[in-house]
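Me: I would like a close look at one part of this model, the place where a helix meets the strands beside it. Please take me through it in one connected account and follow it outward into the surroundings.

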Amino acid sequence: MKIAVDAMGGDFAPEQIVFGAVRAAKKYGCEIVLVGDEAKIREVLKRETGWEKLGITIHHTTQVIEMDEHPADAVRSKKDSSVVVATKLVKDGECDAVLSAGSTGAAVTAAQLILKRIKGIGRPTIATPIPTTKGVTLMLDSGANVDSKPIHLVQSGMMGSIYAEYVFGIKNPRVGLLNIGEEETKGNEQARETYPLLKELRSINFCGNAEGRDIPKGNFDVVICDGFVGNVVLKFAEGLAKTIMKLIKEAIKDGGILAKLGALLLMPTLKKLGKRLDASEYGGAPLLGVNGVCIISHGSSNAKSICSAIGVANDYVNGKVLEHIKETLEQEEILMKES
């Protein structure tokens, strides 16, 4: 397993990216190619002892795509940018996966232009795991496409179901269409047209409409929506999780000596709760639908997040998700309608 890591992408690059890569090399035993400014990368690696024995190499590049640049223009003009070169390493077969915490738009664009879409897939989709009371719900799309046609959502449902099965180990994942009500007739035109198409699929366990409250409850294993709605849900969930933890800390602080003593007794439980709500536990989200393995990480990723994201890439490759998606496409005629 060899993974190309965009060392220059992210709010805390290259420091946290490099630290996370070193941690992942130790944890997963995979080879890492750090792509970016070699001098800056080596400066960070000086603080890591024994990294030379971990199968970590550096691929020097001279450019970086910034967060405020237009993704398509930047990918086309900055041929020697870290995310473009890292993606090319996968295209050329030198690496098994690419990971970036930089501009999501640039990473998605690079994957589509360089790796290309899987034949039959209209639009790739970002699949993000959301912690629930029952484990994890995979939500897609969480930001790759703000506008999606019904057939794109159907394809997302198929790919999400396969990912949930072969990476999370969920047998016959329950797939739901995010909507404002359970009834088949509810929702906007997009939702009403998507519902009957999902019912036709033989390869997924479509369980009907999922309402917003069903996501944290874990009533569905896979929830599909367009990237506009999905990104709003994701950002709301992230903000709510942080707010809950902050409110708990404030309540303990203002609750007097008894509250502090109670918190001391509950500390192991509170730590477990914090871990369940911590996005860095999952690290990255796969871009499903491109002909290669591409993992998107949050811009504010720290070393822990990057390490977890490399673990996601590792599971994606080992689970042969790409192969399973292609096999299912051949079996389901409806999925081949790209329009």
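Reply: In this predicted model, helix α6 lies across β5 and β11, and its direction runs at about 130° to that of β11. The two strands beneath α6 are themselves joined, since 2 bridges link β5 to strand β11, residues 284-288, in an antiparallel arrangement. Within that pairing, the bridge partner of Thr125 is Leu288 in β11.

These strands belong to an open sheet of 7 strands, whose order is β3-β2-β1-β4-β12-β11-β5 and whose pairing is mixed. The edges of this sheet are formed by β3 and by β5, residues 125-126, each of which pairs on one side only. Moving inward from β5, one passes β11 and comes to β12, and 3 bridges join β11 to β12, which run antiparallel. Pro286 has Ile295 of β12 as its bridge partner. The hairpin made by β11 and β12 has 5 residues between the strands, and in it Gly289 takes a positive phi near 115°.

Strand β12, residues 294-297, sends Cys294 and Ile296 one way and Ile295 and Ser297 the other, and all of these residues are buried. That arrangement can be read against a general pattern: in a regular strand the side chains alternate between the two faces of the sheet. On its other side β12 meets β4, to which it is joined by 3 bridges in the parallel sense, with Ser100 standing opposite Ile296 of β12.

Helix α4, residues 82-91, is also in contact with this sheet, and 8 of its 10 residues are buried. The buried residues are Ser82, Val83, Val84, Val85, Ala86, Thr87, Leu89 and Val90, and they pack against the strands β1, β2, β3 and β4 as well as the helices α3 and α5. Just after α4 ends, Gly93 takes a positive phi of about 80°.

One of the helices that α4 packs against, α5, spans residues 104-115 and holds Thr109. Thr109 has a relative accessible area of 15% and is therefore buried, the cut-off for that term being under 20%. Leaving out residues up to four places away in sequence, Thr109 touches Pro71, Ala72 and Val75. Its C-alpha atom is separated by 21 Å from that of Val321, which is 212 residues away along the chain.

To return to α6, this helix is also in contact with a second sheet, an open one in which 5 strands follow the order β6-β7-β10-β8-β9 with mixed pairing. At its edges stand β6, residues 128-132, and β9, residues 205-210, and each has a single partner strand, so one side of each is left without a neighbour in the sheet. Neighbouring strands here are turned against each other by 30° on average, when direction is ignored. Helix α6 packs on this sheet by touching β7, β8 and β10, and its direction makes about 160° with that of β10. Among the pairings in the sheet, β8, residues 174-178, and β10, residues 222-224, are joined in the parallel sense over 3 bridges, and Val175 stands opposite Val222 in β10. A further helix, α7, residues 189-200, lies across β8, β9 and β10, and runs at about 160° to β9.

The loop that lies between β9 and α8 contains Glu211. With a relative accessibility of 13%, Glu211 counts as buried, and, apart from its neighbours within four places in sequence, Glu211 is in contact with Leu178, Asn179, Ile180, Gly181 and Glu182.

Helix α6 has one more part to play in this description, which concerns enclosed space. A search of the whole structure finds 1 cavity of 30 Å³ or more, and about 50 Å³ of space lies in the largest cavity. Its lining is made up of Arg123, Pro124, Thr125, Asp141, Asn145, Ser148, His152, Leu153, Ser156 and Cys225. Helix α6, residues 150-166, supplies the largest share of that lining, 3 residues, while Thr125, the residue paired with Leu288 of β11, is also among the lining residues. By character, the lining divides into 3 nonpolar, 5 polar and 2 charged residues.

Key
Residues numbered from 1 in each chain as written. Predicted model: local features only at pLDDT ≥ 70, side-chain atom pairs only at ≥ 80, totals over all residues. Heavy atoms only, no water. 1 Å grid on protein atoms, 1.4 Å probe; cavity = no way out; pocket = protein on both sides within 12 Å on 5 of 7 lines; lining within 4 Å. Points joined across faces, edges and corners; volume = space filled by probe spheres on them. Helix = DSSP H or I, 4+ residues; strand = E, 2+ residues; numbered from the N terminus. Nonpolar A, V, L, I, M, F, W, Y, C, P; charged D, E, K, R; others polar. Pairing = 2+ DSSP bridges. Axes fitted to C-alpha atoms, helices over the stretch in contact; angles between N-to-C directions. Contact = heavy atoms within 4.5 Å. Buried < 20%, exposed > 50% of the residue type's maximum accessible area, 1.4 Å probe, protein only.
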